[in-house]
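Visitor: I have a model open here and should like to go through it. Could we begin with the terms and then take the details in turn?

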Amino acid sequence: WKKFDDCLGDVPKNDQVESVMIYIGYHGTRTPAHKDIMGTMGHNIMLWADQQYDGDDHDEEEEFTDSHALWFMCNSKDKEKVSEFWKQKGQDIDDDNYFMPVEDLLTAPFTVYVVEQREGDMVLVPPEAAHQVINQG
């Protein structure tokens, strides 16, 4: 962080705020599309994930799968295209309140990167990169 487009880099070191947040989500919960504030780089570590039962109700060997989060992330350089695409859907990316359906993201005029995050994984989000997350499991 502290690059040319990071506003926090201009604040005196003594006054810089360290923003630490924790997110707790269960299967199906989502974080709407947004960009992290003030051009900062997001550092997201999955510290713990529950195990999800993935079998039938019988006594044979049970199948468990790791829970994970799916991140849908856009390139910072595409921020204008992202903003326009959200507007075409009647939304504003800066309102932080709309989860773009995956089917719509498939038609986006820019690259959408998909990252699968599991327990112990860290996801870095570049400054001004629009992203949204859905928890699975």
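Guide: Two strands pair if DSSP finds at least two bridges between them. Strands (E, at least two residues) and helices (H or I, at least four residues) are DSSP runs, numbered from the N terminus. This is a predicted model, in which local features need pLDDT of at least 70, side-chain atom pairs count only at pLDDT 80 or more, and totals for chains, interfaces and linings use all residues. Residues are numbered from 1 along each chain as its sequence is written, and side-chain values use heavy atoms, with hydrogens and water left out.

Visitor: Which strand does S5 join through six bridges?

Guide: Strand S5 (residues 68–74) is joined to strand S8 (residues 131–136), and the two run antiparallel. His68 has Gln136 in S8 opposite it.

Visitor: What is the order of the four strands in the open sheet?

Guide: The order is S1-S8-S5-S6, with antiparallel pairing. Strand S1 (30–34) and strand S6 (112–117) are the edge strands, as each pairs on one side only. From one strand to the next, the twist averages 15 degrees; axes are lines fitted to C-alpha atoms, for helices over the stretch in contact, and angles run from 0 to 180 degrees between N-to-C directions.

Visitor: Staying with S6, what does Val115 touch?

Guide: Val115, which is found in strand S6, touches Ala69, Leu70, Trp71, Met73 and Val123, not counting residues up to four places away in sequence. Contact here means heavy atoms within 4.5 Å.

Visitor: Why does Val115 count as partly exposed?

Guide: Because its relative accessible area is 28%. Buried means under 20% relative accessible area, exposed over 50%, and partly exposed in between (1.4 Å probe, protein chains only).

Visitor: A change of topic: which residues form the nonpolar patch on the surface?

Guide: Ile45, Leu47, Trp48, Met122 and Leu124 form it, with about 610 Å² of accessible area together. Such areas come from the Shrake-Rupley method with a 1.4 Å probe, and for residues only the protein chains shown count as cover. Patches are made of residues with over 30% relative accessible area and no salt bridge (a side-chain nitrogen of Lys or Arg within 4 Å of a carboxyl oxygen of Asp or Glu); like charges are joined within 9 Å, nonpolar side chains (Val, Leu, Ile, Met, Phe, Trp, Tyr) within 5 Å.

Visitor: And where does Met122 lie?

Guide: Met122 lies in strand S7 (residues 122–125).

Visitor: Finally, how many helices and strands are there in the chain?

Guide: The protein chain has two helices and eight strands.
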